[in-house]
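Me: Could you take a close look at one part of this model for me, the paired strands and what surrounds them? I'd enjoy a connected walk through it.

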Amino acid sequence: MIVQPGQSELNQIAEWVQDKKLKLQINRLFPLTERGLIEAHTLIETKHTNGKLVVQIK
């Protein structure tokens with residue numbers, strides 16, 4: 001399924017996060033490096049993640 005939220009939907013999600021009505025579950029943070037991307041991709045392929053994998057841009 002492909003979802004392309006608009007500005008109003010993104011604003012609503014941001015409000016839910018601020019009001020603690022929506023809990024974010026981040027599994028791991030990865031640096032935006034070749035090694036970080038390989039590690040993140042490997043975890044996605046194994047499907048052994050609980051939460052989101054985030055690539056951190058400095």
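Reply: Let's begin where Leu29 stands opposite Val54 in S2. This is a predicted model, so please read the details that follow in that light. The facing residues belong to a pairing between S1 and strand S2, residues 52-56, which runs in the parallel sense over five bridges. To get from S1 to S2, the chain crosses through helix H2, residues 34-46. This β-α-β crossover is right-handed.

Helix H2 is also the place of Leu43. With a relative accessible area of 22%, Leu43 is partly exposed, because the partly exposed class covers values from 20% to 50%. Leu43 and Leu53 are 10 residues apart in sequence, and their C-alpha atoms are 8.6 Å apart in space.

Back on S1, Leu29 has another role to follow. Together with Leu10, Ile13, Trp16, Leu22, Leu24 and Ile26, Leu29 forms a nonpolar patch on the surface. The accessible area of these residues together is about 630 Å². Which elements each supply at least two residues of the patch? They are helix H1 (7-18) and strand S1 (26-31). H1 gives the most, with three residues.

Ile26 is a good member of the patch to pause on, as it lies in strand S1. Its relative accessible area is 49%, so Ile26 counts as partly exposed, and patch residues need over 30%. When you look along the strand, a general point may help: in a regular strand the side chains alternate between the two faces of the sheet.

For H1 there is a neat check on geometry. At 1.5 Å a residue, its 12 residues should span 16 Å. The end C-alpha atoms of H1 are 16 Å apart, so the model agrees with that expectation. If you want to see how side chains line up along a helix, remember that an α-helix has 3.6 residues a turn, so residues three or four places apart point the same way.

What happens to the backbone just after H1? Lys20 takes a positive phi of about 60 degrees there, although Lys20 is not a glycine. Lys20 lies in the loop between H1 and S1. Is Lys20 buried or exposed? Its relative accessible area is 75%, so Lys20 is exposed, the cut-off for that class being over 50%.

To put the part back together: the loop holding Lys20 links H1 to S1, S1 pairs with S2 in the parallel sense, and H1 and S1 each contribute at least two residues to the nonpolar patch.

Note on methods: Residues are numbered from 1 along each chain as its sequence is written. This is a predicted model: local features need pLDDT of at least 70, side-chain atom pairs count only at pLDDT 80 or more; totals for chains, interfaces and linings use all residues. Side-chain values use heavy atoms; hydrogens and water are left out. Patches are made of residues with over 30% relative accessible area and no salt bridge: like charges are joined within 9 Å, nonpolar side chains (Val, Leu, Ile, Met, Phe, Trp, Tyr) within 5 Å. Accessible areas come from the Shrake-Rupley method with a 1.4 Å probe; for residues, only the protein chains shown count as cover. A salt bridge is a side-chain nitrogen of Lys or Arg within 4 Å of a carboxyl oxygen of Asp or Glu. Helices (H or I, at least four residues) and strands (E, at least two) are DSSP runs, numbered from the N terminus. Buried means under 20% relative accessible area, exposed over 50%, partly exposed in between (1.4 Å probe, protein chains only). Two strands pair if DSSP finds at least two bridges between them. A crossover is right-handed if, with the strands pointing away from the viewer, the path from the first strand over the helix to the second runs clockwise. The expected span of a helix is 1.5 Å times one less than its number of residues.
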